[in-house]
Amino acid sequence: MSQRRLAPAQRRALIAEAARQAILRDGLRRTGLREIAREAQTSVGTVTYHFAGIHEIFAEAAVLEMDWFYTPLVAAADTENDAARALLLLVDPLFDGSEESLRHWRFWSDYWSESARFPDPPAEEYGRLHLWRSGCERTIRRGIGDGTFRADADPRSVAVKTSAYVDGISTQLSLGAPGLDHDLAREWVRQFLRAELGAAFEA
């Protein structure tokens, strides 16, 4: 096994990324300390030296996955002047049917189903897990300000509801719900946003 000399923070980051890759490939329930150590090309002892337990590793891997998957979407939305188009830049890629998005949703579903047994994450970490929702709220607030969206909409409430709705649809997709595909999922989200914000959200 490779035991290159790394600073503790670098080694910890390497282990967390290895855990993320293992979970994406094999699922969270099949990923334990040995699988993470193998993926990181290090020993189980090194893994447990840097992390208090498996739940801490999973939490950090989840933060990495959220950063990896959502940061480009949020950045694209923040630079789009039209708030309605910006919101679609946040929503549409979630249901593009790609292997990357399917693996992400499996990761996310596994993580939240197991997270009831995890210790509560620190506030900073919890905030990073909701990077997408924060971007959504910011975009909605901007659209209300420039008249694109209904003036009486509550940005935080709509962002939370949209996040919950998207999570529910994605879970059904990952379970192979009959009659549900990615095109229909995108249309359902558009219908929801039209009802909440009063904008057209054309393709």
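A quick definition before we start, everyone: a nonpolar core here is a set of buried Ala, Val, Leu, Ile, Met, Phe, Trp, Tyr and Cys residues joined through side-chain atoms within 4.5 Å. Please keep in mind that what you see above is a predicted model.

With that in hand, let's go to the core. The largest nonpolar core has 56 residues, and those that touch the most other members are Leu87, Leu94, Ile140, Phe149, Leu197 and Phe201. Which elements give two or more residues to this core? They are H1, helix H2 (33–40), H4, helix H5 (83–91), helix H6 (99–114), H8, H9 and helix H10 (182–197). Helix H4 gives the most, with 11 residues.

Let me pick out Leu94, one of those well-connected members. Leaving aside residues up to four places away in sequence, Leu94 touches Phe69, Tyr70, Leu73, Ser101, Trp105, Trp132 and Val166. Keep a few of those names in your head, please, as they come back shortly.

On to the aromatic rings. How many aromatic pairs does a search of the whole structure find? The answer is six. I'll show you two of them.

Start with Phe95 and Trp105. Their ring centres are 6.3 Å apart and their planes meet at 15 degrees; planes under 30 degrees apart count as stacked, so this is a stacked pair. Phe95 sits in the loop between H5 and H6, while Trp105 belongs to helix H6, so the pair ties together parts that are 10 residues apart in sequence. Are these two buried or exposed? Phe95 is buried, at 0% relative accessible area, and Trp105 is buried too, at 6%. Trp105, you'll recall, is also among the residues that Leu94 touches.

The other pair is Tyr165 with Phe192. Here the ring centres lie 5.0 Å apart with the planes at 35 degrees, so the pair is tilted. Tyr165 is in helix H9 and Phe192 in helix H10, so to speak two distant parts of the chain, 27 residues apart, are linked by this pair. Tyr165 is partly exposed, with a relative accessible area of 30%, whereas Phe192 is buried at 17%.

There is also a cluster of rings: ring pairs link Trp68, Phe69 and Tyr70. Two of its residues, Phe69 and Tyr70, are on the Leu94 contact list.

Now for the charged side chains. The count comes to 17 salt bridges. Take Glu56 and Arg12: their closest N and O atoms are 2.7 Å apart. Why does this pair matter for the way the chain is tied together? Glu56 lies in helix H4 (residues 54–79) and Arg12 in helix H1 (residues 8–26), so the bridge ties together parts that are 44 residues apart in sequence. Both ends are partly exposed, Glu56 at 30% relative accessibility and Arg12 at 22%.

Further along these helices, Glu65 forms a salt bridge with Arg20, with the closest N and O atoms 2.6 Å apart. Glu65 is in helix H4 and Arg20 in helix H1, so this pair ties together parts that are 45 residues apart in sequence. This time both partners are buried: Glu65 has a relative accessible area of 0% and Arg20 has 6%.A third bridge joins Arg156 and Glu137, with the closest N and O atoms 3.4 Å apart. Arg156 is in helix H9 (residues 155–174) and Glu137 in helix H8 (residues 131–145), distant parts of the chain that are 19 residues apart. Arg156 is exposed, with a relative accessible area of 55%, but Glu137 counts as buried at 15%. And there is a network as well: salt bridges that share partners join Arg12, Glu56 and Glu60.

Last stop, the cavity. The structure holds one cavity of 30 Å³ or more. The space in the largest cavity is about 110 Å³. Which residues lie nearest its centre? Of the 11 lining residues, they are Tyr70, Trp108, Trp132, Ser163 and Asp167. Helices H6, H8 and H9 are the elements that give two or more residues to the lining, and H9 supplies the largest share, three residues.

Here are the names I asked you to keep: Tyr70 and Trp132 are both touched by Leu94, and both are listed among the residues nearest the centre of the cavity. Thanks for listening, and I'm happy to take questions.

Note on methods: Residues are numbered from 1 along each chain as its sequence is written. This is a predicted model: local features need pLDDT of at least 70, side-chain atom pairs count only at pLDDT 80 or more; totals for chains, interfaces and linings use all residues. Side-chain values use heavy atoms; hydrogens and water are left out. A salt bridge is a side-chain nitrogen of Lys or Arg within 4 Å of a carboxyl oxygen of Asp or Glu. Helices (H or I, at least four residues) and strands (E, at least two) are DSSP runs, numbered from the N terminus. Buried means under 20% relative accessible area, exposed over 50%, partly exposed in between (1.4 Å probe, protein chains only). Contact means heavy atoms within 4.5 Å. Rings of Phe, Tyr and Trp (its six-membered ring) pair if their centres lie within 6.5 Å; planes under 30 degrees apart count as stacked, over 60 as edge-to-face and the rest as tilted. On a 1 Å grid over the protein atoms alone, a cavity is a set of points where a 1.4 Å probe fits but cannot get out, and a pocket is an open set with protein on both sides within 12 Å along at least five of seven lines; lining residues have an atom within 4 Å of a point. Grid points are joined across faces, edges and corners, and a volume is the space filled by probe spheres set on the points.
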